[in-house]
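The exercises below concern a single protein chain. Please work through each task with the model at hand before reading its solution.

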Amino acid sequence: MTTNQTHTRAAAIATPTRTKDIIRKHGFTFKKSLGQNFLIDKNILDKIVDAADLGPAKGALEIGPGVGALTERLAQEAGRVAALEIDGRLIPILQDVLAPYDNVSVVHADVLKADLRQLWQERFAGTESVSVVANLPYYVTTPIIMRLLEEHLPIENIVVMVQKEVAERMAAKPGGKDYGTLSIAVQYYCEPELVCIVPSGAFIPAPNVDSAVIKLKRRPKPAVDVSDEERYFRVVHAAFAQRRKTLGNNLAALVGKERKAELGGVFERCGIDPTRRGETLSLKEFAALADALAEAKLLS
Ligand code: SAM
């Protein structure tokens, strides 16, 4: 028998009544600066957890457990759960509400500073795979996603609640205003899939933006072949440095004025018109450009 079955479970945390009770009992006050909007909609939680495709042999890393609404569901679905929370006031609350579950570790840490590799070794050794599942604090969504992608951690899925317009940027295709460095980084490593749109009434306090749940399924290998990942992203960043400028002008700033004239040949070899804007280039075209710049010794 698992620990979960030996306890009589209280009502789910993700309800307005139970969440308010927990907050009142512990005298908790929300910190807007930490993006504290707690989920109180059980149906949305079900959609998040279903999308994460968990199971008893798998692990889940949660970022920002709050008062444990999602953590509780993860504890029921995954074999092991680690939850990183920056706000020290929430740690005793989490220890209290998650006491029925022996497969959860709550860690008091800032996800941007924590040693995630060590956390993997300590908490997830022996699990079949690990997914990141979180209702992210919106003020740091992009740095968190970039860290998870760039550190090459062995992550199966990233299923996260984010601001709706950030989800749109992650899934955007070339040619529109939403397409940029975040779209390219996400799509280079993962296949994005919009799970659902979430109205602000699903949280307390209600945020003043709409939200969305997005699933980023890690690709077995990146979407395009590049000879050097770091150089590829340097070119992508440079192409979007000033969105209104042409690709030619943005890349001239990258290679330096004195070598600007040599860019023409590189564009020609790649079949890319230098008067295009960065937002029109596919991941594959960026790969061709980055490799051609290296071959022409315009970039190291
Ligand atoms: N998971 C809970 C839920 O769904 O109800 C709370 C989500 S709330 C949007 C975001 C949580 O992230 C808050 O608990 C906040 O304190 C925490 N947080 C904010 N910045 C963080 C950081 N840098 N590292 C870890 N947790 C953070």
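The exercises go from the whole chain to its domains and then to individual residues.

The model is predicted: local features need pLDDT of at least 70, side-chain atom pairs count only at pLDDT 80 or more, and totals for chains, interfaces and linings use all residues. Residues are numbered from 1 along each chain as its sequence is written, and side-chain values use heavy atoms, with hydrogens and water left out.

**Exercise 1. The whole chain**

Task: Describe the chain by its secondary structure, its dimensions and its share of buried residues.

Solution. Step 1: The chain contains 13 helices and 9 strands; helices (H or I, at least four residues) and strands (E, at least two) are DSSP runs, numbered from the N terminus. Step 2: Along the principal axes, the C-alpha atoms occupy a box of roughly 70 × 40 × 30 Å. Step 3: Of the 300 residues, 52% are buried; buried means under 20% relative accessible area, exposed over 50%, and partly exposed in between (1.4 Å probe, protein chains only). Step 4: Of the contacts between residues at least 6 apart in sequence, 69% join residues at least 24 apart, a contact being heavy atoms within 4.5 Å.

**Exercise 2. Two domains and their interface**

Task: Locate the two domains and characterise the interface between them.

Solution. Step 1: Domain 1 covers 3–218 and domain 2 covers 229–295; such bounds come from an automatic or database domain assignment. Step 2: The domain centres, taken over C-alpha atoms, are 36 Å apart. Step 3: In the interface, 13 residues of domain 1 are in contact with 14 residues of domain 2. Step 4: The two domains bury about 1,100 Å² between them, with 66% of this on carbon and sulfur atoms. Buried area is the accessible area (1.4 Å probe) that two parts lose on being put together, summed over both. Step 5: Tyr179, Ile184 and Tyr188 provide 46% of the area that domain 1 buries against domain 2, more than any other three residues. Step 6: The side of domain 1 that touches domain 2 consists of 6 nonpolar, 6 polar and 1 charged residues. Here Ala, Val, Leu, Ile, Met, Phe, Trp, Tyr, Cys and Pro count as nonpolar, Asp, Glu, Lys and Arg as charged, and the others, Gly among them, as polar. Step 7: Between the domains there are 0 salt bridges, a salt bridge being a side-chain nitrogen of Lys or Arg within 4 Å of a carboxyl oxygen of Asp or Glu. Step 8: The interface has 7 residue pairs in polar contact (both at pLDDT 80 or more). A polar contact is a pair of N or O atoms within 3.5 Å; within protein, one must be able to donate a hydrogen and the other to accept it, and residues adjacent in sequence count only if both atoms are side-chain atoms.

**Exercise 3. A salt bridge between two helices**

Task: Which parts of the chain does the salt bridge of aspartate 46 and arginine 73 link?

Solution. Step 1: The whole structure has 18 salt bridges. In this one, the closest N and O atoms of aspartate 46 and arginine 73 are 2.8 Å apart. Step 2: Aspartate 46 belongs to helix α3 (residues 42–52) and arginine 73 to helix α4 (residues 69–77), so the pair, 27 residues apart, links distant parts of the chain. Step 3: Aspartate 46 is buried at 18% relative accessible area, and arginine 73 is buried at 13%.

**Exercise 4. Around glutamate 156**

Task: Identify the side chains that meet glutamate 156 in a salt bridge and in a polar contact.

Solution. Step 1: Lysine 58 forms a salt bridge with glutamate 156 (3.4 Å, N to O). Step 2: Lysine 58 is buried, at 11% relative accessible area, whereas glutamate 156 is partly exposed, at 27%. Step 3: The side chain of serine 129 makes a polar contact with that of glutamate 156 (2.9 Å). Step 4: Serine 129 lies in the loop between α6 (116–124) and β5 (130–135) and is buried, at 16%. Step 5: Beyond its neighbours within four places in sequence, serine 129 is in contact with Ala57, Lys58, Gly59 and Glu156.

**Exercise 5. Around glutamate 151**

Task: Determine how arginine 147 and arginine 117 approach glutamate 151.

Solution. Step 1: The side chains of arginine 147 and glutamate 151 form a salt bridge (2.6 Å, N to O). Step 2: Arginine 147 is buried, at 17% relative accessible area, while glutamate 151 is partly exposed, at 26%. Step 3: A polar atom of the arginine 117 side chain lies 2.3 Å from the backbone oxygen of glutamate 151. Step 4: Arginine 117 is found in helix α6 and is partly exposed, at 39%.
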